[in-house]
Amino acid sequence: MIVQTFTKGIFQRNPVFILLLGLCPTLAISTSVKNAIGMGVAATFVLVFSNLFVSLIKNLIPKKIRIPCYIVVIATFVTLVELFLEAYLPDLNASLGLFVPLIVVNCIILGRAEAFASRNPVSLSMADGLGMGVGFTLALVLLGAIREVLGSNALLGYELIPGFRPAMIMILPPGAFLTIGFLLGFFALIRARREKREREMTKSK
Amino acid sequence: MIGELLIIFIGVVLVNNFVLVKFLGICPYIGVSKDLKSATGMGVAVIFVMTMASAATWLIYHYLLAPSPSNIWFRILGDGIDPSSFNFAYLRTIVFILVIAALVQLVEMIITKTSPALHHALGIYLPLITTNCAVLGVTVLNIDIFFKEGQAVPWSLLKSLTQGFGAGVGFTLALILMASIRERLELADIPPSLRGAPIAFLVGALMSMAFLGFSGLI
Amino acid sequence: MAKDSIIKLGLILMVICIVAGVALATTYSLTKNRIEEQLQSQQLDALKVVLPRAVEFSKCNSGVDIDYYEGLNDEKGIVGYAFIGESKGYSSIIKVVVGIDQEGTITGIKITEQKETPGLGTQSVEVPVTRTFWQAILGKGESGEPSRPWFEDQFVGKVVKDLRVITGKTDTGIQALTGATITSKAVTKAVRESIEKFLKQNKLNK
């Protein structure tokens, strides 16, 4: 059950591509793979621990004030991440910039606290948090890789194909919209084809 | 003075549009822009919340949290104590988001009493303004400049208010443009896998490209 | 007392906030020194780059127009001065740390803050990478000392009157970045104006 919950967050209910949550940091941070991994790990940390704590105190929180309570828990972990980055990884902190404190309003985290962690035991909540976090990170890395390769002819900071002039628009804002638009369309196409095949298989049975 | 404020306003509405350049407020941009009326309603609510939030958070940061001589703790307990030992700046995230959540509750109560029709139209999108990255984003941007400059003159309340209001206007502009286009898109012939979110993002890409043209404006 | 009374709700929220506050305050006091160190070392790194011959730096706040650092050598003699210049770039304020020697010749600059267009204006701080991705994953190619951005490097050895932006290769002026003339002009302006301010304030005759 735990493993199932974990993998659901990566594929069937990928927060970015299927649930369409957490789009702001996805578009903004995906200019390079390094930034993508940094943001993904930070958000996963917050997600796992906030799910853990919300699940722990779920019976103590009155229904009426549950949203502010979740917000306080999430904001606490986000501030912990902020302080950690400022102290030990200042370069990453500068690259992620405004989006570190914005992890607090990342719809994924509040969404999972409300929809899952408040109704499920601790172990499942942590698995869900981890799964969603990994799914989020993978989505970020995919976008980041595409934009970095096409937009700056590099991967992880190293040049890829010498002499190739990259399409700079990919690392500018329109590039983010383009990439995610086409990726979503691509996944929708795959889903449609798979459903068509399944329908034909059940028809022929 | 007016010139500076005008530059900040135009900067944040066109050059650094919150949605199309800074990627703040994407969720409602894709989610609420299906028809013009709800887009406009959402936009106006956001302008209101952003402006009030800018004012409230600026005051709280400047007088309660930041390590500066005007900090209230310093003034009360001050005299001989180093102002930097009252540095509560790290609490800004938690304090700001709670202030915004409270403000949104307030706006919701006001709208329910004064215009139930508008409340019905906005539906669940109103409480969602709390998680709108653009609102928290603009409040953090307002005080970030103060913090970085250190010795230099911090952004005044007036500049923060202008930026907050302008950010809301820019957000509403992007939302209205997107909603108008999407209403027409309903009648267009779009490949099935691109319908819905994908084509909205591609339209966003084109709009973002157009707004790139404002880059060197100020 | 009703189960959901305002007081009870408020108390619970307050308890959660207090717990959060304590956790944050503890973390803050644990990381505070480290964060301060980071800021200092960034400042120090910039100073070391722009005043390569100095081993020690002392801050002089008495500047009327512009604060500056004195670079000192082993015998506490002054080898140069460093200060910060600012000007408006294409899409952001550009901050530059400038180092000059006793005669007013530039010993180095370092751009510390900028948010220019990625790929165009940001070339001003880009360091040429010495090996490709493929070499990196195979472990080949030299890594060695991180080199300096060529745009900043070309300021070394120049004086105020050389600080004009010229498109195309030049030895006597400042070569502009391809596709980023405004950024190039802004950096040059920041450097030139800060030097002029400093020289006027300290009445150093070149």
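**Exercise 1. A helix and its cover**

Find which residues of helix α4 of chain C are buried in this predicted model, and which strands help to cover them.

*Solution.*
Step 1. Go along α4(C) and pick out the residues with crowded surroundings; buried here means 20 or more other C-beta atoms within 10 Å. The buried residues are Ile182(C), Thr183(C), Ser184(C), Ala186(C), Val187(C), Thr188(C), Ala190(C), Val191(C), Arg192(C), Ser194(C), Ile195(C) and Phe198(C).

Step 2. Now look at what lies over them. The cover includes β2 (68–72), β3 (78–88), β4 (93–101), β5 (106–113), β6 (165–166) and β7 (174–175) of chain C.

Step 3. Put this beside the whole chain. Of the 206 residues in chain C, 27% are buried.

**Exercise 2. Checking a helix length**

Work out what span the 22 residues of α4(C) should have, and compare it with the distance between the end C-alpha atoms.

*Solution.*
Step 1. Helix α4(C) covers residues 181–202. The rule multiplies 1.5 Å by one less than the number of residues, so the expected span is 32 Å.

Step 2. In the model, the end C-alpha atoms of α4(C) lie 31 Å apart, which agrees with the expected span.

Step 3. Look just past the end of the helix. Lys203(C) follows α4(C) and has a positive phi, near 50°.

**Exercise 3. Strands in chain C**

Describe how β3(C) pairs with β2(C) and with β4(C).

*Solution.*
Step 1. Begin with the overall order. Chain C has 4 helices and 7 strands, arranged along the sequence as α-β-β-β-β-β-α-α-β-β-α.

Step 2. Take β2(C) and β3(C). These strands run antiparallel and are joined by 5 bridges; in one of the pairs, Gly71(C) has Gly80(C) as its bridge partner. Their hairpin has 5 residues between the strands, and Lys76(C) has a positive phi near 65° there.

Step 3. Move on to β3(C) and β4(C). This pair is also antiparallel, with 9 bridges, and Glu86(C) stands opposite Lys95(C). The hairpin they form has 4 residues between the strands.

**Exercise 4. Where chain A meets chain C**

Which element gives the most residues to the side of chain A that touches chain C, and how does α4(A) pack on α1(C)?

*Solution.*
Step 1. Start with the counts: 25 residues of chain A contact 22 residues of chain C. On the chain A side, α4 (66–88) and β2 (158–159) each supply at least two residues, and α4(A) gives the most, with 11 residues. By class, this side has 19 nonpolar, 3 polar and 3 charged residues.

Step 2. Turn to the geometry. The axes of α4(A) and α1(C) are 8 Å apart, at an angle of about 10°. Angles under 35 degrees count as roughly parallel, so α4(A) and α1(C) are roughly parallel to each other.

Step 3. Find the residues in the structure. Among those making the contact are Val72(A), Leu80(A) and Phe84(A) from α4(A), and Leu13(C), Ile16(C) and Tyr28(C) from α1(C). The contact of these helices has 16 nonpolar, 5 polar and 2 charged residues.

**Exercise 5. Where chain B meets chain A**

Describe the side of chain B that touches chain A by its elements and residue classes.

*Solution.*
Step 1. The contact takes 32 residues from chain B and 34 residues from chain A.

Step 2. The elements of chain B that give two or more residues are α2 (26–31), α5 (92–114), α7 (133–149) and α9 (197–212). Helix α9(B) gives the most, with 9 residues.

Step 3. Sorted by class, the chain B side has 25 nonpolar and 7 polar residues, and no charged residues.

Definitions and conventions. Residues are numbered from 1 along each chain as its sequence is written. Chains are lettered from A and ligands numbered from 1 in the order in which they are written. This is a predicted model: local features need pLDDT of at least 70, side-chain atom pairs count only at pLDDT 80 or more; totals for chains, interfaces and linings use all residues. A residue is buried if 20 or more other C-beta atoms lie within 10 Å of its own, exposed if 12 or fewer, and partly exposed in between; C-beta atoms are placed from the backbone. Two residues are in contact if their C-beta atoms, placed from the backbone, lie within 7 Å. Ala, Val, Leu, Ile, Met, Phe, Trp, Tyr, Cys and Pro count as nonpolar, Asp, Glu, Lys and Arg as charged, and the others, Gly among them, as polar. Two strands pair if DSSP finds at least two bridges between them. Axes are lines fitted to C-alpha atoms, for helices over the stretch in contact, and angles run from 0 to 180 degrees between N-to-C directions. Angles under 35 degrees count as roughly parallel, over 145 as roughly antiparallel, 65 to 115 as roughly perpendicular and the rest as oblique.
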